[in-house]
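Here is a request for a close look at one side chain and its surroundings.

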Amino acid sequence: MSEALDTALRLVRAQTALVRRFDARLGGLHGVSLADFTLLLRLGQAPGGRMRRVDLAEALGLTASGVTRGLAPLERIGLVSREPDARDARVAYAALTATGRQRLTEMLATAEETAAEIFTGPAWPAADVTGLADLLTRLGGTGLSGSTGLSGS
């Protein structure tokens with residue numbers, strides 16, 4: 001097996017392990033998955049806590065139908081609402097509700113704690129974490145913009 005393939009497979013396994021860990025913490029404490037949290041976080045970063053669904057799909061690397069499927073349960077539990085565009089009936093926005101914004105703040109604290117548990121201590125010097133972030137960016141990974149990622153808070 002080539003080193004490149006071995007590296008790619010290690011990255012996939014590491015990603016799976018990270019998703020499981022975040023899913024367990026976020027699910028156990030907040031009843032959401034990492035995918036739900038990521039969707040809510042992107043909305044929280046948007047001006048006014050709302051985005052066109054098509055823009056949200058692009059930001060998350062999902063299809064429009066994938067975003068619709070992801071938003072449906074969040075709408076049912078009152079974290080997100082659907083808002084029509086006053087000028088164009090074909091356009092729909094996804095918007096954080098007040099409850100969604102409050103819960104997102106709580107979820108963000110849990111996610112920060114989880115990440116700190118993973119990437120601190122002698123096994124993860126700060127320079128290694130920064131280096132890993134740089135390498136992942138070269139692979140197309142994007143992170144948060146700003147310290148909290150929440151606009152208007």
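Q: What is the relative accessible area of E117, and does that make the residue buried, exposed or partly exposed? Please go on from there to its partners and to the rest of the chain.

A: The model is a predicted one. In it, E117 has a relative accessible area of 43% and is partly exposed. The cut-offs behind that word are under 20% for buried and over 50% for exposed, and partly exposed covers what lies in between.

The partner of E117 is R25: the two form a salt bridge in which the closest N and O atoms are 3.0 Å apart. R25 lies in helix α1 and E117 in helix α5, so this pair ties together parts of the chain that are 92 residues apart in sequence. On the side of the arginine, R25 is partly exposed, with a relative accessible area of 23%.

R25 also forms a salt bridge with E113, where the closest N and O atoms are 3.3 Å apart. Here again the arginine is in helix α1 (residues 3–30), while E113 is in helix α5 (residues 98–118), so the pair ties together parts that are 88 residues apart in sequence. E113 is partly exposed, at a relative accessible area of 44%.

The structure holds 8 salt bridges. One of them has its ends elsewhere: the side chains of D55 and R52 meet at 2.9 Å, N to O. D55 counts as partly exposed at 29% relative accessibility, and R52 counts as partly exposed at 32%. Back at the helices, R21, R25, E113 and E117 are joined into one network by salt bridges that share partners.

Helix α5 also holds T110, and this residue counts as buried, at 6% relative accessibility. Apart from neighbours within four places in sequence, T110 is in contact with R25, L26, L29 and H30. R25 is thus in contact with T110 and in salt bridges with E113 and E117. As for H30, its C-alpha is 9.0 Å from that of T110, although 80 residues separate the two in sequence.

What of the strands? Strand β3 covers residues 92–96, and 5 of its 5 residues are buried, so β3 is largely enclosed by the rest of the structure. In a regular strand the side chains alternate between the two faces of the sheet. For β3, one side carries A92, A94 and L96 and the other Y93 and A95, and the residues on both faces are buried.

The partners of β3 are two strands that run antiparallel to it. Strand β1 (residues 50–52) is joined to β3 by 3 bridges, with R50 standing opposite A95. Strand β2 (residues 80–84) pairs with β3 over 5 bridges, and one of these pairings sets P84 against A92.

R53 is in helix α3 (residues 53–60). This arginine is buried, with a relative accessible area of 10%. Setting aside residues up to four places away in sequence, R53 touches V67, T68, L71, E75, R82, A92, Y93 and A94. Among these contacts, A92 and A94 belong to one face of β3 and Y93 to the other.

The rest of the chain gives the setting. There are 6 helices and 3 strands, and from the N terminus on the elements run α-α-β-α-α-β-β-α-α. The C-alpha trace spans about 55 × 30 × 25 Å along its principal axes. Of the contacts with a separation of 6 or more, 58% are between residues 24 or more positions apart. Buried residues make up 29% of the 153 residues. The accessible surface comes to about 9400 Å², and 59% of that belongs to carbon and sulfur atoms. The chain has 17 positive and 16 negative charges, whose mean positions are 5 Å apart.

To return to the request, E117 is a partly exposed residue in a salt bridge with R25, and the two belong to a network with R21 and E113.

Terms used: Residues are numbered from 1 along each chain as its sequence is written. This is a predicted model: local features need pLDDT of at least 70, side-chain atom pairs count only at pLDDT 80 or more; totals for chains, interfaces and linings use all residues. Side-chain values use heavy atoms; hydrogens and water are left out. Buried means under 20% relative accessible area, exposed over 50%, partly exposed in between (1.4 Å probe, protein chains only). Helices (H or I, at least four residues) and strands (E, at least two) are DSSP runs, numbered from the N terminus. Two strands pair if DSSP finds at least two bridges between them. Contact means heavy atoms within 4.5 Å. Accessible areas come from the Shrake-Rupley method with a 1.4 Å probe; for residues, only the protein chains shown count as cover. Lys and Arg count as positive and Asp and Glu as negative; His and the chain ends are not counted. The place of a charge is taken as NZ of Lys, CZ of Arg, CG of Asp or CD of Glu. A salt bridge is a side-chain nitrogen of Lys or Arg within 4 Å of a carboxyl oxygen of Asp or Glu.
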